[in-house]
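Reader: I am in my first year and still learning how to read a protein model, so could you take one part of this one and go through it slowly with me? I would like to follow the reasoning as well as the result.

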Amino acid sequence: MATASMPENAMPPAIHKLDNIEAAKRRAAYKAVEDHFDTSYRYVGIGSGSTVVYVVEAIAAKGRDVTSKIVFIPTGDQSKQLIIEAGLPLGSIDSLPPVEIEHSKLDGLSALQVATGLQDLGLKGKRQSLDVAFDGADEIDEELNCIKGGGACLFQEKLVATAAKKFICVADSRKLQPRLLTKWKTIPIEIAPFAAPTIKRILITLGSPDPVIRQGGSAKAGPVVTDNGMWIMDAPFPPLLLASDLKHGDHGDGENGTWEVHHLGRRLKRIVGVLEVGLFHGRNGLQVASAGEEGGGQKPVAAYFGMENGEVEVRNAAEVLGSKSRP
Ligand SMILES: O=C[C@H](O)[C@H](O)[C@H](O)COP(=O)(O)O
């Protein structure tokens, strides 16, 4: 863990006076961009929520000379608008080009030979990875597992995070908790509307006392409809164990009423009608790369927290207990 002060003069003055929490988010965002944005990058993922607004501000402040050469990939309608309004080039996660190959290697080959050649090179079907994805979170534990989906964008956020070599999480100090479901009490789950009653029954059998379909409140009568035309089920569970907690005898499989993050994430994903689960768990991008695999992981490689004292606390996955414990 490292802490750093983000000098106010390293950031452009905020147009309006920010309250303490907003100022903390902004400091964390500028520090994360300073550490993890590189002008040589080609594809950058932009997450959703109120914190990522400052990430976009920090990137846009680098100027058009830098940003015009990069394609920015959104995680939903809000982040798409942020990218457009900041004047950044907009891309889409479903239109990343294939991995580039040296064309000289393919000169003179037939279409069949090209296809076979790509196979031989181990490149057939490989897509480009994003260089980095920045996103917020609703809660982050000591092993950098995250709850996401407070803004109903979890599916595209997971799609983008797992396509990025490194996912960088940016938040304020309230989000850092020893275990998930400490202050943020529910897991957002994106579901097919038709399956809602069945999913609710299954969640109850798994130990969630009162799962509810998220409502639009005064902004929209009836359930919140996600960018993917789905609903969000918010499922409360008792605080989740870390992988390192399992050494103390509990299996974390729900038997004793307690779940470990990874066990619960995988179990929820198996329910028919669940599009995606707002638990980001398992491997991070460094672990995926060291296994020689394409893309990234669900967990951040680093998390930046804007603290109340004006500092930014950085938690790097490589230093976090348990970050190497997942297969
Ligand atoms: O669906 C929304 C996302 O997961 C957000 O990244 C998360 O809710 C954090 O949002 P905020 O930065 O507004 O706290």
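Author: Let us begin with I83, which counts as buried because 23 C-beta neighbours lie inside 10 Å of it, where 20 or more are needed for that label. Please keep in mind that what you are looking at is a predicted model. I83 belongs to helix α4, which covers residues 77–85, and, if residues up to four places away in sequence are left out, its contacts are I46, V56, F72, P74, L88 and L90. To see where I83 stands relative to a residue further along the chain, take Q298, which is 215 residues away in sequence and whose C-alpha atom is 23 Å from that of I83.

The part I would like to examine closely is helix α8, which spans residues 261–269 and has V261, H262, L264, G265 and L268 as its buried residues. These residues are on the same side of α8, because the arc they cover around the axis is only 165°. A general rule helps here: an α-helix has 3.6 residues a turn, so residues three or four places apart point the same way. The cover over the buried residues of α8 includes strands β8 (186–191), β11 (274–277) and β12 (279–280), and these strands lead us to two sheets.

Consider β8 and β11, which belong to an open sheet of four strands, arranged in the order β9-β10-β8-β11 with antiparallel pairing. Its edges are β9 (212–213) and β11, each of which pairs on one side only. Helix α7, residues 196–205, packs on this sheet and touches β8, β9, β10 and β11, while its direction makes about 15° with that of β10. Within the sheet, six bridges hold β8 in antiparallel pairing with β10, residues 231–236, and P188 has D234 in β10 as its bridge partner. As for α8 itself, this helix lies across β8 and β11 and runs at about 165° to β11.

The strand β12 takes us to the other sheet, which is open, has three strands in the order β5-β6-β12, and is paired antiparallel. Here the edge strands are β5 (139–140) and β12, each pairing on one side only. Strand β6, residues 146–147, runs antiparallel to β12 and is joined to β12 by two bridges, and C146 finds its bridge partner in F280 of β12.

Two loops beside these strands deserve a careful look as well. In the loop between β5 and β6 sits L144, whose phi is positive, near 65°, although L144 is a residue other than glycine; L144 is also buried, since 25 other C-beta atoms lie within 10 Å. In the loop between β7 (167–172) and β8 you will find L181, again not a glycine and yet with a positive phi of about 70°, and L181 is buried because 22 other C-beta atoms are within 10 Å.

Finally, a word on confidence: the mean pLDDT of the protein is 90, and 87% of its residues reach 70 or more. Residues 322–327, however, have a pLDDT below 50, although this stretch has 15 contacts in the model beyond near neighbours in sequence. The scores for the model are ipTM 0.99 and pTM 0.89.

Key. Residues are numbered from 1 along each chain as its sequence is written. This is a predicted model: local features need pLDDT of at least 70, side-chain atom pairs count only at pLDDT 80 or more; totals for chains, interfaces and linings use all residues. A residue is buried if 20 or more other C-beta atoms lie within 10 Å of its own, exposed if 12 or fewer, and partly exposed in between; C-beta atoms are placed from the backbone. The arc is that of the directions from the helix axis to the C-beta atoms. Two residues are in contact if their C-beta atoms, placed from the backbone, lie within 7 Å. pLDDT is the predictor's confidence in each residue, from 0 to 100. Two strands pair if DSSP finds at least two bridges between them. Axes are lines fitted to C-alpha atoms, for helices over the stretch in contact, and angles run from 0 to 180 degrees between N-to-C directions.
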